[in-house]
Amino acid sequence: MSDLTRDDFIQALKDKKKTFEHMDFENMDLRGIDLQGLNFTGSNLSFAKLTGNRMTEANLTRADLSESELSGCKLMSANLEGAILRKVDLTEANLTGARLQRADLRGADLSRAICAEADLRGADLTRAKLSVVDFRLANLGRANLTGAMLRGALMRGADLREAILEGATGLEQQVSPAQTIESPLPKAKDSQRISTAQPPRAATTATPIPASQAGRTQAMPPGRTQTMIPGSILTRPAGQPAPPKTAPRAKKYHPPLRHIPALIFTSSGWIRGQFHVPVMHGFLDFLNRMGELLKLTDVTLPHLKREVAFFGLRRDSAIMVIPDCEEDLLSLPTITGNAETHQTSFLMASGSVSGNMTIEADIRVSDYLGQGKWVVLRDCEVGSHGGPGGRSKVAAFPLLVLNTSSVIGTSDESLVS
C-alpha cells in the first residue's frame with residue numbers, strides 16, 4: 001500500500017484499526033499522532049518523521065526505520081526485534097524495557113536516550129553514538145559495539161557478556177570483568193607487576209619468602225594488579241587463614257524520581273499526597289502505566305482526620321488528580337502537528353467536570369478518549385463534589401488530570417451546576 005497518505009492513516013485510526021503490517025510509510029510525517037500499541041510489523045517507516053511521538057508497546061518487529069526521526073519518542077516496552085534502525089535519530093528517546101534483539105543500529109544516534117532494562121542481545125551498534133545513554137540493567141550480550149562512542153554512558157548492572165567492544169570509546173572506567181566475560185581486559189604494564197624479591201615496606205609482619213623464590217618476578221594475570229592491603233597474602237601473619245571471599249551483593253536498580261504533590265478526588269472524597277514519578281516518564285504516562293495501586297507518600301485523609309506516611313490508592317478509585325506544582329514538572333505530551341482545543345464536559349457519579357482539552361486536529365474527541373484512561377484538562381470547573389475543606393460550591397482549577405474510566409458521559413455543553 002505504497003500510496004497510503006497521512007489522512008488515510010488518521011482515518012484508519014478513527015476506524016479503530018490497530019494493525020498496519022507490511023505497509024509503506026516512507027517519508028511520511030506522523031508527528032503528533034498517538035501510535036501507542038499499534039502493530040507495524042515489517043512496515044517501511046524509513047525517513048518518516050516521528051519526533052516526540054508516543055509509541056509505547058508498539059510492535060515494530062522487522063520494521064525498516066532507517067534514517068527516520070525518532071528523537072524524544074516514547075518507546076517504552078516497544079518491540080523492535082530485528083528492526084532496521086540504521087542512522088536513525090533516537091536522541092533523548094525513552095526505550096525503557098524495549099526489545100531490540102538483533103536490531104540493526106549501525107550509525108544510529110542514541111545520545112542521551114534511556115535504554116534502562118532494554119534487551120539489546122545481538123544488536124549491531126557499530127559506530128553508534130551512545131553518549132550519556134542510560135544502559136543500566138540493559139542486556140547487551142553478544143551486541144556489536146565496534147567503534148561505538150559511549151562517553152558518559154551509565155552501565156551499572158548492564159550485561160556485556162560476549163559483546164564486541166573493539167574500538168569502543170568511553171568504557172575504560174565503567175565496565176567490570178564480571179560484565180565482560182570472554183572480553184579480556186588489557187594486560188598489566190611492567191609498572192603494575194610486583195617483585196617478591198623485596199617485601200613491601202608496609203608489610204611489617206610479612207610471610208617469609210622462600211629463598212628458592214627470591215629474585216623471581218611474578219606478574220599478575222592480564223587486567224589485574226596486586227595491591228598491598230593489610231590482611232592480603234603478602235602482609236598476612238604466618239598461619240592466619242585468608243579472609244573468606246564474599247560475592248558483592250547485587251543492587252536493585254531504582255530509577256531517579258521526581259516528587260509531584262497533588263490533590264486527588266476519590267470515590268471516598270478528597271485526599272492529598274505525593275507521587276514519586278520516574279524522571280524518564282511523563283506524569284500522564286505514569287498514571288496510564290502504573291499497576292493496580294497508585295503509591296503515595298505524606299498522605300492526608302481529611303475525612304478520617306489522619307495523616308499517614310504511605311498510602312496505596314486503588315487505581316479505579318482515583319477519579320481526578322489536581323497537581324500542586326508547576327506544569328513543567330509534569331512533562332505532559334506535546335502536540336507537534338496541528339492541534340485544536342475543545343471545551344468538554346464530563347458527567348460523573350457525584351458531579352461534573354468542565355475544561356479545555358487540546359488534541360490532534362484530525363482526531364475526534366470520542367476517538368481520543370478511547371486511547372487512554374487519563375486525559376489532561378485546563379481552565380477547569382468542578383461542581384457538586386464537595387471540594388477541599390468540605391465546600392460544595394463550584395471550584396476552579398488551572399489544570400487537572402481526569403480518569404475517563406469513571407466518566408458516565410461527555411458533552412461539548414457545560415454540565416457544571
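## Asp29 and Arg31

Asp29 sits partly exposed in this predicted model, at 28% relative accessibility. Its salt-bridge partner is Arg31, with N and O 2.7 Å apart across the two side chains. Arg31 is partly exposed too, at 29% relative accessibility.

## Asp119 and Arg121

Here's another salt bridge: Asp119 joins Arg121, and their closest N and O atoms lie 2.7 Å apart. How do the two ends fare for accessibility? Asp119 has a relative accessible area of 14%, and because buried means under 20%, Asp119 counts as buried. Arg121 comes out at 33% relative accessibility, so Arg121 counts as partly exposed.

## Arg272 and Asp324

Next up is the bridge from Arg272 to Asp324, where the closest N and O atoms are 3.6 Å apart. Which parts of the chain does the pair link? Distant ones: Arg272 belongs to strand S4 (residues 269-278), while Asp324 lies in the loop between strand S7 (318-323) and strand S8 (339-348), and 52 residues separate the two. Arg272 is partly exposed, with a relative accessible area of 38%. For Asp324 the relative accessible area is 49%, and because the exposed class starts only over 50%, Asp324 still goes down as partly exposed.

## A shared network and the total

Some salt bridges have partners in common: Arg86, Asp104, Arg106 and Asp124 are joined into one network that way. How many salt bridges does the model hold? The count comes to 14, among them the Asp29 to Arg31 bridge and the Arg272 to Asp324 bridge.

## The ten-stranded sheet

Now for the strands. Ten of them make an open sheet with antiparallel pairing, and reading across, the order is S6-S5-S4-S3-S7-S11-S10-S9-S8-S12. Which strands sit at the edges? Those are strand S6 (306-314) and strand S12 (409-411), each of which pairs on one side only. Ignoring direction, neighbouring strands of this sheet are turned by 40° against each other on average.

The sheet order also places S4 between S5 and S3, and S4 is the strand that carries Arg272 of the long-range salt bridge.

## Where S7 meets S11

S7 and S11 are neighbours in the sheet order. Strand S11 covers residues 395-403, and S7 pairs with it in the antiparallel sense over two bridges. What stands opposite Met320? Leu402 in S11 does. The loop that follows, between S7 and S8, is where Asp324 is found.

Terms used
Residues are numbered from 1 along each chain as its sequence is written. This is a predicted model: local features need pLDDT of at least 70, side-chain atom pairs count only at pLDDT 80 or more; totals for chains, interfaces and linings use all residues. Side-chain values use heavy atoms; hydrogens and water are left out. A salt bridge is a side-chain nitrogen of Lys or Arg within 4 Å of a carboxyl oxygen of Asp or Glu. Buried means under 20% relative accessible area, exposed over 50%, partly exposed in between (1.4 Å probe, protein chains only). Helices (H or I, at least four residues) and strands (E, at least two) are DSSP runs, numbered from the N terminus. Two strands pair if DSSP finds at least two bridges between them. Axes are lines fitted to C-alpha atoms, for helices over the stretch in contact, and angles run from 0 to 180 degrees between N-to-C directions.
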